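Trainee: Could you take me slowly through one piece of helix packing in this model, and then set that piece in its surroundings?

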Amino acid sequence: MKTLLDHNQLNITLQRLAHQLIENHLNFSDTAIIGIQPRGVLLSDRIAALVQKITKQKHIDYGRLDITFYRDDIHQGNEIHVPRKTDIEFSIEGRNVILIDDVLHTGRTIRSAMDALIDFGRPKSVELLVLVDRRFSRELPIQPDYIGHTVDTIMTQKVKVYWAEEDKKDEVVLID
Amino acid sequence: MSLSVKHLLGIKELKTEDIQTIFRTADNFKQVLQRPIKKVPTLRDTTVANVFFENSTRTRISFELAEKRLSADVVNFSASGSSVSKGETLIDTVNNILAMKVDMVVMRHSASGAPWFLAEHIDASIINAGDGINEHPTQALLDAFSMRERLGDLKGKRIAIIGDIMHSRVALSNIFCLQKLGAEVMVAGPPTLIPKYIQDLGVKVEYDVKKALQWCQVANVLRIQLERQNKPLFSTLREYALFYGINRQMLDDMKKDIVIMHPGPINRGVEINSDVADSKQSIILDQVENGVAIRMAVIYLLSGKRDLEE
């Protein structure tokens, strides 16, 4: 097991990602942040809070998206997933949407998320922010716009992101 | 996290956790049904056959909508006008349907136990949409789901099932489901319509409907099933309505508000009066709405089972 980002490095990375978002989206008036359930939401909670703090906006549109019903692997012999809550309390029609997930691996989750998102309306644009990009392991032509950390991994390895809210520590590790 | 069973034959075989998993999943589907696009692509690769050997409006439309909103392909079969009238057996009929690459069968049959019999002989997942006077599991799930929406956790809640208990598959499935969720259950109605020894299931028995209403927080009123009675068990419908029918006056005489439910179809003026069925206390149409979400959840959760078996 190898630590990719410790507590301090993770915080610096989150700060950088929040600033990069603000650089492109300024006051977020035309932009919405949407985290992917379940683990992406822990990251998007942090990012949305940071963006709001730095921009001093009273309100930014922030939602959570569950993609269970859009997965393409329910008949691949995997254990069936019980869905989490989707809450998108605003219209995404004509908005810039930033999708957030913790780890980008094959790209299939993001494919499902885009399908799910389109059922809520037609966004002007969709960008992708991930904390860890497992580069060279993509099965679909999907690339992130904002990357916290890039790693080269093989299929059998696992990247795990721990969050203080759920796991009592902030850390990103690579498990062999 | 999936169900402990491959088929949904009866509530009797479900674990409490299975029921909770179905409810959690149905919560999400209910949310999907409130969106402008009420459809998800989850079961694009699945074909479901609705095989109905007995009449149905609600259940059949509800299952069909649930399947379509999951993007499954649907074929409908009803016994009237089919080869069943030429003497084809149940297994032959279903195997012929399955030979056309159907993955799941939703079946209603007038013989109690028919889905269990079928489950022993075919590979596809079976969902029981009502068998004779035995079980109607999805109805019980949507009833309990609707009660949970009103009352929260059903643990310790008092629920009365009133009417024709003897001929009702809804009653039996409701009893199993509510007890698994920790509720107290009472059955009430005329003695001729309540099976002997039903108290062995752990339910209270009451022959005075007013007392039952006084005791309960929810009254699930059942239809008088005239088509299943081959000898009269009460003298006239008018007499039944007079002694066992629920009317506005009875509810107004009580100091509390109880929730009124009915699985449909309603015999208005017999087991329930219009001024009760259409009142604010009634959640009859919520039950119908929740039925689609519950059935989507059951079909979704069972669909994952199919490849695990292979």
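Mentor: In this predicted model, the part to look at closely is the pair formed by helix H1 (residues 7-25) of chain A and helix H2 (residues 39-55) of chain A, whose axes lie 9 Å apart and make an angle of about 60 degrees. Because of that angle, H1(A) is oblique to H2(A), and the crossing in which H1(A) passes H2(A) is right-handed. On the side of H1(A), the contact is made by A:Asn11, A:Leu14, A:Gln15, A:Leu17, A:Ala18, A:His19, A:Leu21 and A:Ile22, and these meet A:Leu43, A:Arg46, A:Ile47, A:Leu50, A:Val51, A:Ile54 and A:Thr55 of H2(A). Sorted by class, the residues in this contact of H1(A) with H2(A) comprise 10 nonpolar, 4 polar and 1 charged.

The stretch that leads into the second helix also deserves attention, since A:Pro38 is placed in the loop between strand S2 (31-36) and H2 of chain A. The peptide bond that runs from A:Gln37 to A:Pro38 is cis, and its omega is near -5 degrees.

Chain B offers a pair that can be described in the same terms, namely helix H5 (residues 137-151) of chain B and helix H6 (residues 169-180) of chain B, whose axes cross at roughly 55 degrees and come within 8 Å. That angle makes H5(B) oblique to H6(B), and H5(B) passes H6(B) in a right-handed crossing. From H5(B) the contact draws on B:Pro137, B:Gln139, B:Ala140, B:Leu141, B:Asp143, B:Ala144 and B:Met147, while H6(B) supplies B:Val170, B:Ser173, B:Asn174, B:Cys177 and B:Leu178. The classes represented where H5(B) touches H6(B) are 8 nonpolar, 3 polar and 1 charged.

Chain B has a cis peptide bond as well, joining B:Gly264 and B:Pro265 with omega at about -15 degrees, and B:Pro265 is found in the loop between strand S9 (259-261) and helix H10 (274-277) of chain B. Another backbone detail concerns B:Ser71, a residue other than glycine whose phi has a positive value, near 65 degrees; B:Ser71 lies in the loop between helix H2 (58-69) and strand S2 (73-78) of chain B.

As for how the two chains meet, 17 residues of chain A are in contact with 26 residues of chain B. The area buried between chain B and chain A is about 2000 Å², and carbon and sulfur atoms give 55% of this area. Across this interface of chain B and chain A, 0 salt bridges are found by the rule.

Notes
Residues are numbered from 1 along each chain as its sequence is written. Chains are lettered from A and ligands numbered from 1 in the order in which they are written. This is a predicted model: local features need pLDDT of at least 70, side-chain atom pairs count only at pLDDT 80 or more; totals for chains, interfaces and linings use all residues. Side-chain values use heavy atoms; hydrogens and water are left out. Axes are lines fitted to C-alpha atoms, for helices over the stretch in contact, and angles run from 0 to 180 degrees between N-to-C directions. Helices (H or I, at least four residues) and strands (E, at least two) are DSSP runs, numbered from the N terminus. Angles under 35 degrees count as roughly parallel, over 145 as roughly antiparallel, 65 to 115 as roughly perpendicular and the rest as oblique. A crossing is left-handed if the near helix is turned anticlockwise from the far one by less than a right angle, and right-handed if clockwise. Contact means heavy atoms within 4.5 Å. Ala, Val, Leu, Ile, Met, Phe, Trp, Tyr, Cys and Pro count as nonpolar, Asp, Glu, Lys and Arg as charged, and the others, Gly among them, as polar. Buried area is the accessible area (1.4 Å probe) that two parts lose on being put together, summed over both. A salt bridge is a side-chain nitrogen of Lys or Arg within 4 Å of a carboxyl oxygen of Asp or Glu.
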